[in-house]
Number of protein chains: 2
Amino acid sequence: MECIQEIISCAQIHFFAKEEMIVQEGQSPEKIFYIQQGSARAFYLKDGRDITDWFAFEKEFIVPISNFFLDQPSLHYIQSQEESLILSLSKADVKRLAENYREFDRLEKEVITRTMLSLQRRIVSMQFENARQKYENLLAERPDITQRIPLTHIASYLGITLETLSRIRKPGK
Amino acid sequence: MECIQEIISCAQIHFFAKEEMIVQEGQSPEKIFYIQQGSARAFYLKDGRDITDWFAFEKEFIVPISNFFLDQPSLHYIQSQEESLILSLSKADVKRLAENYREFDRLEKEVITRTMLSLQRRIVSMQFENARQKYENLLAERPDITQRIPLTHIASYLGITLETLSRIRKPGK
DNA sequence: AAGCTCATTTGATGTATGTCAAATTCACTT
DNA sequence: AAGTGAATTTGACATACATCAAATGAGCTT
């Protein structure tokens, strides 16, 4: 891709320790993050409870969605889950790159499309499946998730409680 | 927009009666539909039960998602809900227009982005809200939906049963 | 207006999952 | 290796919602 040089020149790379906060609620970083190594999650607070919305692992993106796409202060926190190497690109740079390089613009569209499809699959999974089925769907997509993310966050991502998840995981039905 | 003439020349317009089937499961229309007037819904069958996934009203798009974006036969049915005027554009035309007109490409990206954001909001609503809250969220977005769509479909869209929805709607808490 | 069909409501009961509290296990630190 | 705090499991109980069945109501057709 012809614009790689330019991407590299405006991307920033950061190292994050385990469970370090990358974006706080109310901030406006206007950045998209790319997980080079490690993992991160986006979460929000509902009545004081921490609810995970999104996980990102190697080669995936994560973004404070309302801030990046709607120019509002972030409703989400973003937090690393393991020691991670993360690239960031500002919204202004993304915009400029997309205007100057057709290739980059296509890539961005592709990433957004895939994200949309993955949200769509998640809705189907949440709409009428029970806790066990939802958990098994997640495991099918990410078999290693239980080794990398604490169960509390997996539970809230699935829309169930920690206790229910624990019982589901119990061997023997 | 400079490409309007060309869009018009390749778009097709159809009239659909109430509850007419626009796309059947297993078909590969590879088309995106734009609701000029009326409304439509996308649904799938889970264990024989009809589950609505998506509603579209005037000036909105609806698409057999797995077919259009993933080139698989459609997992969804799409059905008009009222007498409707609906434009369709083939995937090939969309692709060509996006390649030839930067403006059209931007528009497409914008539509996909908005769809992604709306799915995201829906997940938040399904993740930890109870039946009443989910229903009220929907009403806030689409106050007229109960006049236009039967309650069964609203219920399945919300991931609750028809009976629960009916009880929620009962006046006096 | 009567009759039919389909949509919605109401009622009785069952169940998956939530809540709260306590016990246990795990992972670090010293 | 022991000690400490956090993560996970287990238990007892509560509840929102599902299910099944029947009653009512609304919109067409004749």
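Around DNA strand D there are 17 residues, and the closest are A:Ser166, A:Arg167, A:Lys170, B:Ala131 and B:Thr164. A residue counts as near a strand if one of its heavy atoms lies within 4 Å of it. This is a predicted model, in which local features need pLDDT of at least 70, side-chain atom pairs count only at pLDDT 80 or more, and totals for chains, interfaces and linings use all residues. Residues are numbered from 1 along each chain as its sequence is written, chains are lettered from A and ligands numbered from 1 in the order in which they are written, and side-chain values use heavy atoms, with hydrogens and water left out.

**DNA strand D**
- Sugar or phosphate holds 58% of the atoms of DNA strand D within 4 Å of the protein, and bases hold the rest.
- A polar backbone atom of B:Ala131 is 2.7 Å from a phosphate oxygen of this strand. Such a polar contact is a pair of N or O atoms within 3.5 Å.
- Side-chain N or O atoms also reach phosphate oxygens of DNA strand D: one of B:Thr161 at 3.0 Å, and one of B:Thr164 at 2.4 Å.
- α8(A) gives the most to the surface near DNA strand D, with four residues. Helices here are DSSP runs (H or I, at least four residues), numbered from the N terminus.
- That surface has five nonpolar, six polar and six charged residues. Asp, Glu, Lys and Arg count as charged; Ala, Val, Leu, Ile, Met, Phe, Trp, Tyr, Cys and Pro as nonpolar; the others, Gly among them, as polar.

**DNA strand C**
- Of the 17 residues around DNA strand C, A:Ala131, A:Thr164, B:Ser166, B:Arg167 and B:Lys170 come nearest. Sugar and phosphate make up 59% of the strand's atoms within 4 Å of the protein.
- Phosphate oxygens of DNA strand C lie 2.7 Å from a backbone N or O atom of A:Ala131 and 3.0 Å from a polar side-chain atom of A:Thr161.
- B:Arg167 reaches a base: a polar side-chain atom lies 2.8 Å from a base nitrogen of DNA strand C.
- With four residues, α8(B) gives the most to the surface near DNA strand C.
- The residues of this surface are five nonpolar, six polar and six charged.

**Aromatic rings**
- Ten aromatic pairs are counted over all chains. Rings of Phe, Tyr and Trp (its six-membered ring) pair if their centres lie within 6.5 Å.
- A:Phe55, A:Phe57 and A:Tyr157 form a cluster through ring pairs.
- A:Arg41 lies over the face of A:Phe43, 3.9 Å from the ring centre. In chain B, the charged end of B:Arg41 sits over the ring of B:Phe43, 3.9 Å from its centre. The rule requires NZ of Lys or CZ of Arg within 6 Å of the ring centre and within 35 degrees of the ring normal.

Conventions:
A polar contact is a pair of N or O atoms within 3.5 Å; within protein, one must be able to donate a hydrogen and the other to accept it, and residues adjacent in sequence count only if both atoms are side-chain atoms. Helices (H or I, at least four residues) and strands (E, at least two) are DSSP runs, numbered from the N terminus. Rings of Phe, Tyr and Trp (its six-membered ring) pair if their centres lie within 6.5 Å; planes under 30 degrees apart count as stacked, over 60 as edge-to-face and the rest as tilted.
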